[in-house]
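Here are my notes on the model you sent, set out as numbered points for you to check against the coordinates. Please read them with the viewer open.

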Amino acid sequence: MIGHGRLDVVKSSVFLALSLVWVTSVASAQEPAKPLYVLEDSYLRWRLLPAEQAYLSIDGKHLKQYVEDLTAISRRYRDHGHPQFWGRITGTEADAENAQWLLDKFRKIGLSDVREQSLDLPPQWVPASWSVSASASGKTVALESAQPTSTSPGTPASGLDLEAVDVALASEGDLAGRDLRGKAVFFYSADYTSRQAPISDYAIKRIGDRGAAAIFVIVGLPGNLRTQFYPVGSTVPTFSLGLQDGVAIRDLIGQSRGGQPPRVKIRLDVKTVPNLKTATVWGSLPGTGDETIFVVAHRDGWFEGATDNASGVATMLGLAEYFAKIPREQRRRTIHFLGTSGHHDNSGMTGHWLADHKEMFAKTALIINCEHTSAEQLVYRGGVIRRTNTTVPLRWYVGGSPRLEQIVVKAYDAFGVATYAEPEPSAGGEMGPYYQLAPSLQLIEGNLYWHSDRETAEVVPPTGLAASTRAYAKIITDVNQLGLKDLLRPQATEARR
Ligand SMILES: [Zn+2]
Ligand SMILES: [Zn+2]
């Protein structure tokens, strides 16, 4: 009896504990606690030392307005007949509009030689429209979050009607013995920040090699995000899928086990559009000598592209404003500001043009790539994405002399730019094709919403914009105290001897 009684106590306390957990989780899911501050005004910020007060004129809230302007261009494009594949898409009216917007800003700031260098694009991949739905035993689910990976092949006009299979994580073990030929294959990925071919250790390739007719990667972030992937090298229609849709299709597949497997209907109308144009937007601040500094920011972006790369363009404009106020005789080197065509369309027109014109960098002391300079730290916790009052740490690259490296490290420290512990060994992103042609550096990082329809201005902290931009301004100032040869990478100095 006593034993029984004890067990009852244990049982009831377990029950109590479970119901408390349940109550707590339901309560937090339904009614988050009332915020005690306005987040936009309350991100952690760095207090500057007296010697750094000059950089206070670089104002995060002001720069944030540029991010708002650029994201509005994306939304306009979406609302003008492009509801599925949208953003500041290269070669489209959104490209032309943001080029004009930037030319206007450059002129207002007072840059010289403000001009648009037109560039002919190779034929562009345009997913004009698509739909994906799954059905089993009379039940149909529309997979609204499906987004084709960049350069994915389309389907025949009549679409595809395929058997759906779920391969879990698409590891070798998950795929062993499975017949994927001619099927629509779904896999789940916890590789949350990848929007690239290597996701889940090249799962898309593993599935493609086994003859799948369509591939779906379920991005395991809470909610039902649309995510835009870079090309994944797949030869069949390939899509990313939000978690909600991903769970729905996996449930459908699981529940029909032993009976008729679900069918997936896929229609993807892809056009290849020739004769489009893009541009590099140029503006300069002349210095006293013949040496140069390049500040670049890519203008394109998917969806609202608030971090990628409205933040970078805002940073570039912040630098232009800061140095435009400094008298020319105090500016040692000419600074060229470039709004580049970008790389999301895979052509990287500006980048390749610059790489083909090495002479541009013959007397270049520094290239700064302004790319993804601010993003709120989002935390995946308890099944939801939680917001925070701080920025993500940024990946960083610096290529130059040890003195340049120290200038950079000190500037990030002075302005509170959080970074990864070690720098990157090379510079990915927009300046990839030409970063080795001169001393160069960048900060670059997105958050969990990177390349998704949630990457809005709301999650671009003004404090992050201020910190990155001030650090870059200080770096340019400090670099201008040094001669060109004191900035070069050690091996570059060797080569020039
Ligand atoms: Zn991007
Ligand atoms: Zn980018």
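**Notes on the predicted model**

1. Helices H4 and H8 are roughly parallel to each other, because angles under 35 degrees count as such and the two pack at an angle of about 20 degrees, with their axes 10 Å apart. H4, which covers residues 93–109, passes H8 in a right-handed crossing. Please keep in mind throughout that this is a predicted model.

2. H8 also packs against H11, the axes coming within 9 Å and crossing at roughly 45 degrees; H8 and H11 are therefore oblique to each other. The crossing of H8 and H11 is right-handed. As a reminder of the vocabulary used in these two points, a pair of packed helices is described by the angle between the axes and the distance between them.

3. H8 also contributes to the metal site, since aspartate 308 lies in that helix, and I would look at the zinc ion (ligand 1) before its partner. The zinc ion (ligand 1) is coordinated by Asp308 through OD, and by His344 and His451 through their NE2 atoms, at 1.9 to 2.1 Å. Along the sequence these donor residues follow the spacing D-x35-H-x106-H. Aspartate 308 in helix H8 and histidine 344, placed in the loop between S14 and helix H9 (349–356), link distant parts of the chain, being 36 residues apart. Both aspartate 308 and histidine 344 are buried.

4. The zinc ion (ligand 2) is coordinated by His298 (NE2), Asp308 (OD), Glu371 (OE) and His372 (NE2), at 2.1 to 2.4 Å. Which residue bridges the two zinc ions? Aspartate 308 does so, and the zinc ion (ligand 2) and the zinc ion (ligand 1) lie 3.8 Å apart.

5. The geometry at the zinc ion (ligand 2) deserves attention, as the angles among its four donor atoms run from 81 to 173 degrees and the site is irregular. For reference, the ideal angle for four tetrahedral donors is 109.5 degrees. A tetrahedral assignment would require every angle to lie between 85 and 135 degrees, and the range of 81 to 173 degrees does not satisfy this.

6. The donor residues of the zinc ion (ligand 2) are spaced H-x9-D-x62-E-H in sequence. Histidine 298 belongs to strand S12 (residues 292–298), whereas glutamate 371 sits in the loop between strand S15 (364–370) and strand S16 (379–381), so this pair ties together parts that are 73 residues apart in sequence. Histidine 298 is buried, its relative accessible area being 0%, and glutamate 371 likewise counts as buried, at 1% relative accessibility.

7. One backbone feature coincides with the metal site: a cis peptide bond, with omega of about 5 degrees, joins aspartate 308 and asparagine 309. Asparagine 309, too, lies in helix H8. In general, most peptide bonds are trans, and for that reason I would inspect this one by eye.

8. Two aspartates have positive phi values. Aspartate 113, in strand S2 (residues 112–120), has a phi near 50 degrees and counts as exposed, at 55% relative accessibility. Aspartate 201, placed in helix H6 (residues 199–209), has a phi of about 55 degrees although it is not a glycine, and this residue is exposed as well, at 58% relative accessibility.

9. The salt bridges come to a count of 23. Among them is the pair of arginine 333 and glutamate 291, whose closest N and O atoms are 2.8 Å apart. Arginine 333 lies in the loop between helix H8 (306–324) and strand S14 (334–340), and glutamate 291 in the loop between strand S11 (277–285) and S12, so that distant parts of the chain, 42 residues apart, are linked. Is this pair buried or exposed? Both arginine 333 and glutamate 291 are buried.

10. Another salt bridge joins aspartate 79 and arginine 78 at 2.8 Å, N to O; here aspartate 79 is exposed, at 52% relative accessibility, while arginine 78 is partly exposed, at 26%.

11. Finally, the side chains of glutamate 458 and arginine 387 meet in a salt bridge of 3.0 Å, N to O, linking parts of the chain that are 71 residues apart. Arginine 387 is partly exposed, with a relative accessible area of 36%. Glu376, Arg387 and Glu458 are linked in a network of salt bridges.

Terms used:
Residues are numbered from 1 along each chain as its sequence is written. Chains are lettered from A and ligands numbered from 1 in the order in which they are written. This is a predicted model: local features need pLDDT of at least 70, side-chain atom pairs count only at pLDDT 80 or more; totals for chains, interfaces and linings use all residues. Side-chain values use heavy atoms; hydrogens and water are left out. Donors are N, O and S atoms within 2.8 Å of the metal (3.2 Å for Na, K and Ca); water is not among the atoms, so sites may look incomplete. Four donors count as tetrahedral if all angles lie between 85 and 135 degrees; four count as square planar and six as octahedral if opposite donors are over 155 degrees apart and all others between 65 and 115; anything else is irregular. Helices (H or I, at least four residues) and strands (E, at least two) are DSSP runs, numbered from the N terminus. Buried means under 20% relative accessible area, exposed over 50%, partly exposed in between (1.4 Å probe, protein chains only). A salt bridge is a side-chain nitrogen of Lys or Arg within 4 Å of a carboxyl oxygen of Asp or Glu. Axes are lines fitted to C-alpha atoms, for helices over the stretch in contact, and angles run from 0 to 180 degrees between N-to-C directions. Angles under 35 degrees count as roughly parallel, over 145 as roughly antiparallel, 65 to 115 as roughly perpendicular and the rest as oblique. A crossing is left-handed if the near helix is turned anticlockwise from the far one by less than a right angle, and right-handed if clockwise.
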